[in-house]
Structure formats: structure tokens, C-alpha cells
Amino acid sequence: MTAADIPLMQGLAQRVTETRPDVISAGASYGELAWVWGQGRALYGATWPRRLWFSGDELVAWGWAFLPRRVRRNDGSVTDVTGASLSYQVHPDHAELVDEVIEWYDSVAAGLARTVLPTAAEEFALKRWAAHGYEADVEALGYAGDWTQLNERDLTDVEQPVLPAGFRFRTADEAGPEAAVRAHVDAWTPSAYTAQSYDDVRQTAAYRGDLHVLVEAPDGTMASSTIMWLDKANKTVEFEPVGTHPDYRRRGLARAMMLHGMHLARAAGATHATVVCLGAPGHPAARGLYYGLGFRELSRDAPLIKTAG
């Protein structure tokens, strides 16, 4: 997977979003593509095979496999990921290519346990995955499972944000790279995110430092942060990621930050916003925040698994 691949894949995401946003999975969205590539490229890029399918000069399908890797975090913890996972997108007009995507994935991940996240709306694709031996991932679909949903709202009526006294909004352009990295690491600790990760995020064509919002606490701590990814073609903005420092949670900072972000996005030309969250009942916090901001489910994963062999 290279930096040059991401704009091509985002272009397909834009075309699919225009007509069938319900078949955009969380991993195939315009913003998620840039975020996932940027924050993990230096650490895991060697374990990221991909294949692109074209019709003439136009990209109509892609598959991006995530193979076994070692994840090292800033607290010294290490996790060995032993299975494979896949993000993919097939344009609805070329649905038959899903079989080629599946066959390619089975070849590059041969011998490994394999997971994939189509959306529940991909009826044809779900039948083809089943025909190739993939079954519902019961663990992922459980009470505390890790399946995700993509949520949306329009930006026609956005309330004004209110921060606690002494807090203020900043952008990454204003606060600088060190503050932006610290804000993310604090919110997601323990984390594998580094200054190099952020530098790669900033190199993606879709990144804008003026749409990377932070909340600064009175003591100078960057207490909350989010990156917004503006898809000009569809006039939509995606929040990814959204996080708050553990010491500053339950103060309304993320809510205020996202409202502020929606006003910035609207000024930049967006009329619509999206955000991803875990959908399982055991993960209510983020979903409650987003629903309280007027977001509602647009699409959801239908996680599948195929055992090693």
C-alpha cells in the first residue's frame, strides 16, 4: 500500500458515497482511508498487501489486507496479531468483482484465520462471502464485540458549542505537531501513535490542519482532539478519530469540540457529517455522544470470519 493508492481509493469512496452510502463500510470511508494509512504506514506498511481493479482508467474495486504484525505501545506492552483482516470496496456497478477480491484475499492470507467487514447492506457480497466459506463472526457480534457503525447527520441546524471556563478551541495548525501528537496519545493510551505517524497523516492529500481541532485546558493540556476529513465532492466531513484525555472526560469537551468542528466544516463547504463508533451494546459511550449530537446510523458492519486452513 502506497501514498499514491489512497487518493485513488478515496475517489472510489466518493463515487460510491454519491449513490450508495449505505455500502461504505467504516474502513472504506473517505476519511478512514487516509487516517488508517497515515497512522500505521511507518509501523505496519510492510504487512499491507493490496490489489486494485480498474475499468479503463477508473478504479472500481480494491482490497487491502492486514497481515500478522507486532504492535508495540508507548507503555511497553506488545501484542502479536496472528490473523488477517481485510478492508475492501467494490463499486455497485461491478459487484461481480467481489469474487476476485475474495480469491485474492484467500491467496495472500492462506493458512491464517481471516476476518472481513462488509456492510449489512451488501446483499450480493454477503452471499458470495458465504459461498467462499466465510461465516458470521460470533465474537465480533457479541455484547462487547468490535463491529462498527457509520453515523450521519446534516449540518443545517448546528447549535453553538459551550466550553467550561478556561478551556479554548485550537487547531493543529495553531498548536503545532507536538501538541497534536500528545493529544492523541493521551486520549488513546496506551498507543502506538508517534510523531512519525502524525507526519504521515499530514502527508495525505485529504488532511487539513485547520480542520484538526483540539481543546486546550487551562493548564495547557490538549484535553480533546479530532481530525475532520472534508470530501468536497459530496460536501461531507468525517470525524476520525475523536478522543479525550482520561482526566478530562465527562465535562462535555468532546461534544463542544464536535459542534465547533461542524461549524468549521460548514464554513468550509460541508452540508453533511459522518462519524464511526463501535455498535455493540457493551460500548454505549461514543454512540451516546454522537446520538446526542443528532447523528444516526447510516451503515453497519456484518463481520465475517474464516478459520485457518
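**Entry 1. Terms and model**

For this notebook I count Ala, Val, Leu, Ile, Met, Phe, Trp, Tyr, Cys and Pro as nonpolar, Asp, Glu, Lys and Arg as charged, and the others, Gly among them, as polar. I note at the outset that the model is predicted.

**Entry 2. Second largest pocket**

I applied these classes to the lining of the second largest pocket and found seven nonpolar, six polar and four charged residues. I recorded a volume of about 280 Å³ for the second largest pocket. Its lining comprises 17 residues, and those closest to the pocket centre are Thr17, Pro21, Thr236, His272 and Thr274.

I then asked which elements each supply at least two residues of this lining. They are helix H1 (5-19) and the strands E8 (148-154), E11 (222-231), E12 (236-244) and E13 (272-278). Strand E12 gives the most, with three residues.

**Entry 3. Record for residues 167-309**

I consulted UniProt, where an unreviewed entry places the feature "domain: N-acetyltransferase" at residues 167-309. In the model, I found this stretch of chain to be 34% helix and 30% strand. The C-alpha atoms at its two ends are 54 Å apart.

**Entry 4. Aromatic pairs**

How many aromatic pairs does the structure hold? I listed twelve. One of them joins tryptophan 64 and phenylalanine 66, with ring centres 4.9 Å apart. The planes of these two rings meet at 25°, and planes under 30 degrees apart count as stacked, so I entered the pair as stacked.

I next checked whether the two partners are buried or exposed. The cut-off for buried is under 20% relative accessible area. Tryptophan 64 has a relative accessibility of 1% and therefore counts as buried. Phenylalanine 66 has a relative accessible area of 10%, so phenylalanine 66 is buried as well.

I also looked up the pair of tryptophan 129 and tyrosine 134, which is edge-to-face. Their ring centres lie 4.8 Å apart, with 80° between the planes. Both tryptophan 129 and tyrosine 134 are buried. Trp129 and Tyr134 belong to a cluster linked by ring pairs, together with Tyr88 and Tyr105.

**Entry 5. Arginine over tyrosine**

Finally, I looked up charges placed over ring faces. Arginine 69 lies over the face of tyrosine 44, at 6.0 Å from the ring centre. Arginine 296 lies over the face of tyrosine 291, and there I noted 4.9 Å from the ring centre.

Key: Residues numbered from 1 in each chain as written. Predicted model: local features only at pLDDT ≥ 70, side-chain atom pairs only at ≥ 80, totals over all residues. Heavy atoms only, no water. Phe/Tyr/Trp six-rings, centres within 6.5 Å; stacked < 30°, edge-to-face > 60°. Buried < 20%, exposed > 50% of the residue type's maximum accessible area, 1.4 Å probe, protein only. Lys NZ or Arg CZ within 6 Å of the ring centre and 35° of its normal. UniProt positions renumbered as here; feature names shortened; annotations may be inferred. Helix = DSSP H or I, 4+ residues; strand = E, 2+ residues; numbered from the N terminus. 1 Å grid on protein atoms, 1.4 Å probe; cavity = no way out; pocket = protein on both sides within 12 Å on 5 of 7 lines; lining within 4 Å. Points joined across faces, edges and corners; volume = space filled by probe spheres on them.
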